[in-house]
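User: Could you help me learn how to read burial, contacts and pockets in a protein model?

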Amino acid sequence: MSILVLTLISEHHTMSHKTLIVSSANVTGNDKSQVKYRFSPPLVIPKIAVNPYVEVLSSQIWWNSPNINSTNNTLNFTLGGVARQWVADTGLYSVDDINSALGYYVKSIGHPSDTIKFVGRGYDGKLMCEMDATNIVHGVTIHWSTSSMATFLGFGTNADFYAAYNIEATQVANNKAIFNSLLYWAIECVGLGTGSNFYDEQGKPTSIIHTAVPDVETGRQNTFQPAHPVRVPIQATGQQIPELVFNLTDQNHQRVDTLGEDWNCIVQISWD
């Protein structure tokens, strides 16, 4: 009688992790949108690594990305027969901020600060432009067609707006104002070979490893800690990785201006 003995060998695999605290605190200058994380010695993910991936465990980002910059900061108008141009400083504006800054400029050229002002219509997101041409000879005209701010305010398709001498007039924007232009943040990681696995809206490879939707008021810090972080596969194995580059972008994959405020995230690289 022969006896067959089966021996079961249990092989224990230990998951390897590399945790990175990525912060823009050490980035000099006002542009904090890119962080370079350097390794010493270089990071090496073994060639034989099984299922290597990267995930973002949490992120903290200030929601102060400018909604007005050099591309949409001019308002052209004729006031009392004199052509004027108000150029807004880069920043994150509300309707009240627009009225305050514009009013300061109008007052500085000798007219009441409320000569031109904007009022929000909460029920449809559109603005009303109110002009008071009392005692202003030749009246007031806003030239939407040449104002780069027009689309931002919702007046991009409106006809130029005229208030005659001693007349108060109101014009309603044809479209919604775009004060909250940021839909979500994305964090890109360059250096791990993640771009061959995910694609953007146009079907192009993207190195995004994390997205976060603002859930706080503008001007506050947004903290996001996903219950189930997305595990993004890594292709860069069996090679030395001296540094990783992390970019903070918006939904259009454009790097975000944080106005000098720092952002951070906790990144974990894992493999079997």
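Analyst: Happy to; we will take one residue, then the pocket, then the overall form. This is a predicted model in which local features need pLDDT of at least 70, side-chain atom pairs count only at pLDDT 80 or more, and totals for chains, interfaces and linings use all residues. Residues are numbered from 1 along each chain as its sequence is written, and side-chain values use heavy atoms, with hydrogens and water left out.

User: Is Ile-187 buried or exposed?

Analyst: Buried means under 20% relative accessible area, exposed over 50%, and partly exposed in between (1.4 Å probe, protein chains only). Ile-187 is at 1% relative accessibility, so this residue counts as buried.

User: What is Ile-187 in contact with, beyond its neighbours within four places in sequence?

Analyst: Contact means heavy atoms within 4.5 Å. The partners of Ile-187 include Ser-59, Ile-208, Phe-246, Leu-248 and Trp-263. By contrast, take a distant pair: the C-alpha atoms of Ile-187 and Tyr-105 are separated by 38 Å.

User: How do I read the lining of the largest pocket?

Analyst: Rolling a probe the size of a water molecule over the atoms shows where empty space is left. For the lining, Ala, Val, Leu, Ile, Met, Phe, Trp, Tyr, Cys and Pro count as nonpolar, Asp, Glu, Lys and Arg as charged, and the others, Gly among them, as polar. Here the lining divides into nine nonpolar, 13 polar and three charged residues.

User: What box do the C-alpha atoms fill?

Analyst: Along the principal axes, the box is roughly 115 × 40 × 30 Å. Of the 272 residues, 42% count as buried.
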